[in-house]
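Thank you all for coming. I would like to spend a few minutes on one helix and then on some charged pairs, so please have a look at the sequence and the structure before I go on.

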Amino acid sequence: MAAGPKPLRSDAARNRDKLLVAATQVFAERGLDAPLDHIARRAGVSIGTLYNHFPTREALLAAILPQRLAALDEISAAALADPDPWNGFAGFLEGLFALQAEDHSLNDALVQSFSLSTDVSQACHGGFQQAERIIERAQASGRLRADFGSQDLVTLVWAMSQVIRESMETAPETWRRCLAFFVDGLRAEAAHTALH
């Protein structure tokens, strides 16, 4: 029988936990391209200790992002539980972009601007499968334009991620106004033939 991973010494386990907390904070503040030495410094450990626990940036991201992405499950569940499918859809969009605005690591992860582990990519994919159900439900109610699809949601996420990224320092609530314009254009009664 093969032995499992050797348990960490208590000091090593504390250092790992401090690194995870620091990484979550630093990535949320600065995005996925934040310098790893800032994470080590915030955790109060050496950069060597960081690399002993997480040999690559991707390994560190794989340790923290799935838990952060789990917040999308709650937003999706609330949207699907809303008795009004349009309100569920609009609430899903607002919740999604609020998460992206408050956590820059999620903003980067959702637009996949970094190479992500399989677990993180699967979590993102699972979130988009839930989004498809939310879209279908709002369309079936007749309130969401029929030509809006999951690829349009991807485009909207890309666009909003840029609004969030570019305005986070100077006008952090700008994304809400931009989203309101987008949402108004997604109403079924606003649908017109696409511009060519």
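Which residues of α1 are buried? Before I answer, please keep in mind that what we are looking at is a predicted model. The buried residues of α1 are Ala12, Asn15, Leu19 and Leu20, then Ala22 and Ala23, and finally Val26, Phe27 and Ala28. As for what lies over these buried residues, the cover includes α2 (36-43), α3 (47-53), α4 (57-81), α5 (85-102) and α6 (104-110).

Let me stay with this helix a little longer, and check its length. Helix α1 runs over residues 10-30, and because a helix should advance 1.5 Å a residue, its 21 residues should span 30 Å, which agrees with the 30 Å between its end C-alpha atoms. Just after α1 comes Gly31, which takes a positive phi of about 95 degrees.

Now to the charged pairs. In general, side chains of opposite charge can pair when their charged atoms come close. How many salt bridges does a search of the whole structure find? The search finds nine, and I will go through some of them.

One of them joins the side chains of Arg143 and Asp84, at 3.0 Å from N to O. This pair links distant parts of the chain, since Arg143 sits in the loop between α7 (118-140) and α8 (150-167), while Asp84 sits in the loop between α4 and α5, 59 residues apart. Arg143 counts as partly exposed, at 33% relative accessibility, and Asp84 is also partly exposed, with a relative accessible area of 21%.

Another salt bridge brings together the side chains of Arg165 and Asp108, at 2.0 Å from N to O. Here too the pair links distant parts of the chain, with Arg165 in helix α8 and Asp108 in helix α6, 57 residues apart. Is each partner buried or partly exposed? Arg165 is partly exposed, because its relative accessible area is 33%, whereas Asp108, with a relative accessible area of 1%, is buried.

A further salt bridge is formed by the side chains of Asp147 and Arg145, at 2.7 Å from N to O. In this pair Asp147 is partly exposed, with a relative accessible area of 48%, whereas Arg145 is buried, with a relative accessible area of 13%.

Finally, I would point you to Glu94, Glu173 and Arg176, which are linked in a network of salt bridges.

Note on methods: Residues numbered from 1 in each chain as written. Predicted model: local features only at pLDDT ≥ 70, side-chain atom pairs only at ≥ 80, totals over all residues. Heavy atoms only, no water. Helix = DSSP H or I, 4+ residues; strand = E, 2+ residues; numbered from the N terminus. Expected span 1.5 Å × (residues − 1). Buried < 20%, exposed > 50% of the residue type's maximum accessible area, 1.4 Å probe, protein only. Contact = heavy atoms within 4.5 Å. Salt bridge = Lys/Arg side-chain N within 4 Å of Asp/Glu carboxyl O.
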